Amino acid sequence: METVSELFRTLNTTYGFDLSIFYDSYDADLFTRGMYFTALLSAASVFGSLFLGVIGAYLQFNGGVVARKFVSAYIQVFRNTPPLIQLYFFFFSLGPSLTSATGMSEPILSNVAWAIVSLTLYAGAFNIEVFRSGVEAVPAATIEAADSLGLSKRQTFLQIILPLAFRISLPGLNNNLVNLIKTTTNAYAIAVPELLYGASQVWSDKLNALEMMIVLLIVYTAVIGLFTWMMGCIERNLAVPGWGRA
Amino acid sequence: MKKSFTFLVALAILTIGGYAHAQSVVLDRIKKAGTIRVGVKTDFPPFGFLNPAGQVIGLEPDMAQDVAKRLGVKLELVPVQSSNRIEFLQQGRIDLMIATLGVNDQRRKVLGYIEPFYYAGGTSLLVRKDAGIKRWEDIKGRDICATQGASYNRLTTQKYGPNLVAFPGNTEALNALLTGSCIGFLQDSTLHASMLSMDASKWAAFETPLPVEDFQPWGIAVALDELGTAYGDQMRQIVTEWHRSGYLLSMEKQWALKPSEFLKDMQARAIKAR
């Protein structure tokens, strides 16, 4: 490990290419913490938004008029506003209002928690629409067959429609989730110590913005490449034989 | 005959030009465009901030105006933040930076400081009165808001181990401080002093109990290549003249800053050096 750090130190002194995260322990800590928080934000908001997507799709399919209108309003609000503004609203506006309403001395949610809430709600709106397209693609004949077999609407949704809709909407879902992972960098604006924040701390101290930008681009390309490969594996494993390209 | 004569004249001009100080690309651009672009802060009262009409005012915009007047060009103020000011200067988006820039060796390698320096500041902490912070060591493990890009962030974190929560600009950090996301705000002592004096009721629950640390001079900066050129020379002359004539001292008084020993020292030195 010493030789690796020595190599990068020499790279800096001889060629002026400063990758300080490899030889400076303070910068390395900042960067590792950044990777941890990016992973945390991504995982939490991916699962949260998937859950919201399923609930929303079900309510649109089987809910009453009120539920459908509520889901529709939710989608309008969170799809039509920029994610950074949503984040600022939650952290700087809604958070303090709730804190003073409940009379607590400390904020009810930390900035990491608000970031997860905001990202989940943002991506949930997109996921509901993606699942809706999957639900609508299930042939009416199949649904009628399920109905004639005596399955209730809820059973139909959980056992017939959702599995098929999920497989159909996987490509669109993949797109949304990749977008979500990249949107986690917005949390830098409310000082969540994720990758972009860690990198910016390093480059404002070491003045190596170019090198850190290159590192960030490579890291994000690798992370998202890994994610899409994983989703591709899931897609292949879940494919219904004879449906689509399987 | 005509050809060789023109050639000789051209050669003569080039050699004579070479005796004068190195040609300045930036100065040529400024003179040709008739405007100088100066990077200033917009969230750091009283050095650079916004008035209710949304215009940038402050001690540093005034200094920029004086520079433009002396060069005989128009002034264009470009808002910068601690996190991007150095990059803006390196990329040539601004010709001059007057943005509360502290001096350190790391920065000397990438930009050209104009000496003499024009001001000096130190690290200070604005903290809630009920947080019980009596010494610098007490901030260990506590949440402290800061601004991204400040040179003392790393130093303070390594010395005292707080949990630093750094925001892109002063406004976000102050908002977070007021809404309780952190107990204190790490910034320059002049900013805290001006905040407390400009808006005493808003900051009634806060105080600055700790001694000011790591006193650091502030410098005007130009691009590193311009340091040895006519442009750099002219800037150096301007700053020396400011100290000598007491312009900076009068600016300090005008913007209600606490009178500093630094400026008085610098004026004495400038007068003696004449």
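What share of the contacts in chain B with a separation of 6 or more comes from residues 24 or more positions apart? I would like to open with that one, and the answer is 69%. Before going further I should say that this is a predicted model, and that I will spend most of my time on chain B, with a short visit to chain A along the way.

Let me begin with the overall picture of chain B, whose C-alpha trace spans about 90 × 35 × 35 Å along its principal axes. Chain B has 274 residues, of which 43% count as buried, and its secondary structure consists of 11 helices and 12 strands.

Chain B is divided into two parts, domain 1, which takes in 23-120 together with 216-273, and domain 2, which runs over 122-215. The C-alpha centres of these two domains of chain B lie 26 Å apart, and where the domains touch, domain 1 contributes 15 residues while domain 2 contributes 20 residues. If we look at the side of domain 1 of chain B that faces domain 2 in this contact, we find six nonpolar, seven polar and two charged residues.

Now to the contact between the chains, in which 18 residues of chain B meet 16 residues of chain A. On the chain B side, helix H4 (85-91), helix H5 (105-108), helix H6 (152-160) and strand S9 (163-167) each supply at least two residues, and the largest share, three residues, comes from S9(B). By class, this side of chain B holds six nonpolar, nine polar and three charged residues.

While chain A is in view, let me point to one residue there, A:Gly34, which sits in helix H2 (residues 25-62) of chain A. Is A:Gly34 buried or exposed? A:Gly34 counts as buried, because 25 C-beta neighbours lie inside 10 Å. Leaving aside neighbours within four places in sequence, A:Gly34 is in contact with A:Pro193, A:Glu194, A:Leu195, A:Tyr197, A:Gly198 and A:Ala199. To take one of these, A:Ala199 is 165 residues from A:Gly34 in sequence, yet the two are 8.0 Å apart in space, C-alpha to C-alpha.

Returning to chain B, I would like to look at an open sheet of three strands, in the order S2-S3-S4 and with antiparallel pairing. Strand S2 (43-44) and strand S4 (56-57) of chain B are at the edges and have a single partner strand each, so one side of each is left without a neighbour in the sheet. S2(B) pairs with strand S3 (residues 48-50) of chain B over two bridges in the antiparallel sense, and B:Phe44 has B:Gly48 in S3(B) as its bridge partner.

The loop between S2 and S3 of chain B is where B:Pro46 lies, and the bond joining B:Pro45 and B:Pro46 is a cis peptide bond, with omega about -5°. A second cis peptide bond to look at runs from B:Glu115 to B:Pro116, with omega near 10°, and B:Pro116 has its place in strand S7 (residues 111-128) of chain B. As background, most residues other than glycine have a negative phi, and most peptide bonds are trans.

That brings me to two residues with positive phi. For B:Thr100, phi is near 45°, although the residue is not glycine, and B:Thr100 lies in the loop between strand S6 (96-97) and H5 of chain B. For B:Ala256, phi is near 60°, again a positive value in a residue other than glycine, and B:Ala256 is in the loop between helix H10 (247-254) and H11 of chain B. As for their surroundings, B:Thr100 is buried, because 24 other C-beta atoms lie within 10 Å, whereas B:Ala256 counts as partly exposed, with 13 C-beta neighbours inside 10 Å.

Finally, let me turn to a pair of helices in chain B, helix H9 (residues 230-245) and helix H11 (residues 261-273), whose axes come within 7 Å and cross at roughly 105°. H9(B) and H11(B) are therefore roughly perpendicular to each other. On the H9(B) side the contact involves B:Thr240, B:His243 and B:Arg244, which meet B:Met266, B:Gln267, B:Ala270 and B:Ile271 in H11(B). Taken by class, the residues of this contact between H9(B) and H11(B) are three nonpolar, three polar and one charged.

Conventions
Residues numbered from 1 in each chain as written. Chains lettered and ligands numbered in written order. Predicted model: local features only at pLDDT ≥ 70, side-chain atom pairs only at ≥ 80, totals over all residues. Contact = placed C-beta atoms within 7 Å. Helix = DSSP H or I, 4+ residues; strand = E, 2+ residues; numbered from the N terminus. Nonpolar A, V, L, I, M, F, W, Y, C, P; charged D, E, K, R; others polar. Buried ≥ 20, exposed ≤ 12 C-beta atoms within 10 Å, placed from the backbone. Domains from an automatic or database assignment. Pairing = 2+ DSSP bridges. Axes fitted to C-alpha atoms, helices over the stretch in contact; angles between N-to-C directions. Parallel < 35°, antiparallel > 145°, perpendicular 65-115°, else oblique.
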